[in-house]
Amino acid sequence: MRADWFPRPVSVTATRITVVRWAGLILALLVVSGCKTERAADQPTVLGTPPATAYLGVEYYYNFGAYGGEGILDYSLTNAPAWLALEDTSNKARQGIIMRGVPGLTGGARGEDDLGRIQDINLITTDGQNAGVQPFDIEVKYNPLSLDAETFIEGESPDIPETPREHCSPPDLDTPGEHSFTINEYNQDGTVSGTRTLTAATRPVAVKVLLEKPSVTRVSVAFNLTSEYDPSRCDPDVNAPHQRCDHSDANRGEAIVGQDIVALGSGSGVLLEEPAYLSYQQDEDGVYTSGLVTFEPGVTECYIRLEVIDDQFPEPSEAGLLTLTEVRNGLAGLGENNGGAKTSLVVDDNEPRVTLETVNGGLRDAINVGGSVEYVARLTGERDGEFRAKLGETEDSTARLGSEFTTSAPGNQLVFAADEDEVRFTVTVPQAGYANGDLPDRVILLGLDETYQAGREGYARPSDAAPLRISINELTAPLAVGDVNGFVATDIDIGHSGRLFVAGFDAQDNNRVKVRIYNQKGTLLQDVAVSDAGDQLAAPAPVIDAALRKVSEDTGTVDRFEFVVAYSTDAPVAGTTALGGQDALISLYHFDPDSNGGEYVAAWTHRSGTTEDDVARWAGINRESGFIVLAGETRGEWAGQTASGGVDSFLQRIDSVNNGNELAPLVAWTRQVGSAADDAVAGGSAAAITPLVFGSAEGAVNGEPVLGGVDAYFYSAASASGNLSVYQRGTEGNEVVNDGLFASANLWLLGNSAGAYSVTTNEDEERSLDRVPTSSGAGFLLGYSTAGQINRAVTLNDPDDASEEALAAITPFFSDLVVAGSTLGDFTGDAMTTGVAQGIVARVSPVPEPDPEAEPESLPFRNEWRYQLDAADSAVRALANYRDDEIVAFVRRGGTFEVLIFSPEGVLLTPVN
């Protein structure tokens, strides 16, 4: 099909063939052949199939071909619509015929009466003796109009992209317009204090109006600019006129026609050239909100120029609606089936933005009850003159401004002078009157009071960043959880509602294994006796993991809170059978809200081991399926496994199965891997369906090449059999692994070595781990993919490389990692040293070190810090993460065990005396 811009002459005079003369022949041909009859070479045959679709007002054109016959061929149409005919031409010059017409215009200008499907149209060709026929159908449709709009930005004039269509002359979008409008002004409480008329510059924008096919006549279509904004839609308990009606929740995101966007500004008529194809009309309020756009014949793309008002009100993205309402001239449809054509118009604000941050640029912090912390408000974006921002808590904040916390800003309003882009303010949590009956700490989500700012000039809008999150810490002094002569704490974790789980053994009670559970205020909620009172244990070292799981129950999903505790002993334990040497004891507990008002109760206990010593080093709960993973060291040989000599690693999965109305443990599988030397297990991971274990070894683990004195190794398993991929990694030095975790798609191994580590990438994009010897022992953090590829290496050494650092604990924290241990010197560069071990904590970003030559604004944010305890004979033994809000450190200080709290910014919230 070819659609020309202008109509060609169409003759309704068919070639001289009488329909009656050929009726019998046609009928015979159709019956015999259906759609087409096979003929001998000398019979006339029509070639080609015409388009099956035609459009109102658009030329329909097709050039048939034919062959055969004994002479010049003549052509005719039968059952054709009135608008379609054959071109009146002599057939002596060529073998073929042109068929053309314009639905709705030719054949009587029937307009929309030509819509619909016409079936069994026949084109017949004859040489006077024989005839050929080509049947076909045509469906006549509307020539649809549609709209295409980009997102607009206040104060910016967009470009109109180039188009292959035949289009109208694009409107000028560079010249600003002008518009005057009246606004309400508000008192502090939002009531209307009066009105004011403003005159603001506007920025022209364009919406494309598309006509599917080029019409042979002029097409004019009316448009209307509207929105769903309604000033009578008020917030609850508010009556119009009021700020919370003009800018209510129901109106949020709705553009105000005449204030945010207009078809033609009130003062733009003398400033902007009006395109010849475009005209505007005023509504009953005198605002230009509608108009008419006209397509000349052959044009398929035109433009409706609108104007976005460049005001000074902080606003969210707002939407209006542009609708094509009526075809005033020509033949076209509003959409595919003439059911309507409209598009949303989205306007983004351009007012300056305010970001609330910590002094170091972070978005999270913690503050003690009774404490004050300084923060920074940063203003970005172009502006003229002074701007303001009113602080306020967001809807999800559990702490309220004015009751749980206050700010130093007068009236909670920050004022940015014309030359000032940074304002500092403090947040204070008063001690007097502060109360929190809930278990979790309250959280301040500090942003801008958008409800107050709405409709007020000269206020900044919030940035796209999350609000500043400040956790209110209620534990403001170290929490003593044991001592070497009483309850000896060995491990910690954080569970639901901020509960602190402390595992250990009671030296005054036959070394009985216990788990003590505290709330965030430091109150002991439960003292769980894991082993029996009559068990005579020899200083076990329990490890613990707490988890929240989603489990199916009845017809829905509920939260299940659990913890698993594991330790090793060669002594008899009530309810279990000794297997030989030291065995691993694993106990699972779950939270029962109906027991004593809510407490943890035992689910099952399992004793696992070989005939030799088996030492539990780590235990975890898979958060999806709930299976237990146990990692440890063995001198024996597990069933179905092969011992390598010395101490091997083992990895075991234990499932919880139904046994009547109770749960029972079932060992799914155990894997054993080692070298000829003694291998050490540092930890494991139950995060994936294939658990993994990691540690360090002096020999060849599972036959892997030895790289240095002590190498790191790790492997994962999913069954009791099959080949294992064991990765032995390191350098020519000693890489002693003490802890690790799986996070950010990497296995992070934490340990110690007298070396500085880095990752080198060669020209083939292959990475390798490099080590340079250091003068003193340092910590390392190595990030590997599960396929054994090194991705990141961090060295944690004192600045002078003069003292020994020993790292022992790691936890993930808000996309970063926090590590801890001890130092014999000055780890931070400005610490008060004691000459003996002092605990250290450091926050490390997994983001690679930035290019030192890069522009400052392009550098990634890295909230890294170091902290050294001002306490002699201390070491951090374990870490836990509370909601990504607070870092919980388990510390040995002398002969006592304490829990300390750090803020995300590295501030010790529980000062050590």
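**Exercises on the nonpolar cores and strand β13**

The largest nonpolar core of this predicted model has 34 residues, and those with the most contacts inside it are Leu 145, Ile 304, Leu 306, Leu 322 and Leu 324. A nonpolar core here is a set of buried Ala, Val, Leu, Ile, Met, Phe, Trp, Tyr and Cys residues joined through side-chain atoms within 4.5 Å, where buried means under 20% relative accessible area with a 1.4 Å probe, protein chains only. Because the model is predicted, local features need pLDDT of at least 70 and side-chain atom pairs count only at pLDDT 80 or more, while totals for chains, interfaces and linings use all residues. Residues are numbered from 1 along each chain as its sequence is written, and side-chain values use heavy atoms, with hydrogens and water left out.

**Exercise 1.** Find which element gives the most to this core.

*Solution.* Step one is to list the elements that give two or more residues, among them β9 (144–148), β13 (219–226) and β17 (301–309); strands are DSSP runs of E with at least two residues, numbered from the N terminus. Step two is to pick out β17, which gives the most, with five residues.

**Exercise 2.** Determine how β13 is enclosed and paired.

*Solution.* Six of the eight residues of β13 are buried, so this strand is largely enclosed by the rest of the structure. Next, β13 pairs in the antiparallel sense with β16 over six bridges and, also antiparallel, with β18 over seven bridges, pairing requiring at least two DSSP bridges between two strands. Finally, Ala 222 has Leu 292 as its bridge partner in β16 and Glu 326 in β18.

Notes. Buried means under 20% relative accessible area, exposed over 50%, partly exposed in between (1.4 Å probe, protein chains only). Helices (H or I, at least four residues) and strands (E, at least two) are DSSP runs, numbered from the N terminus.
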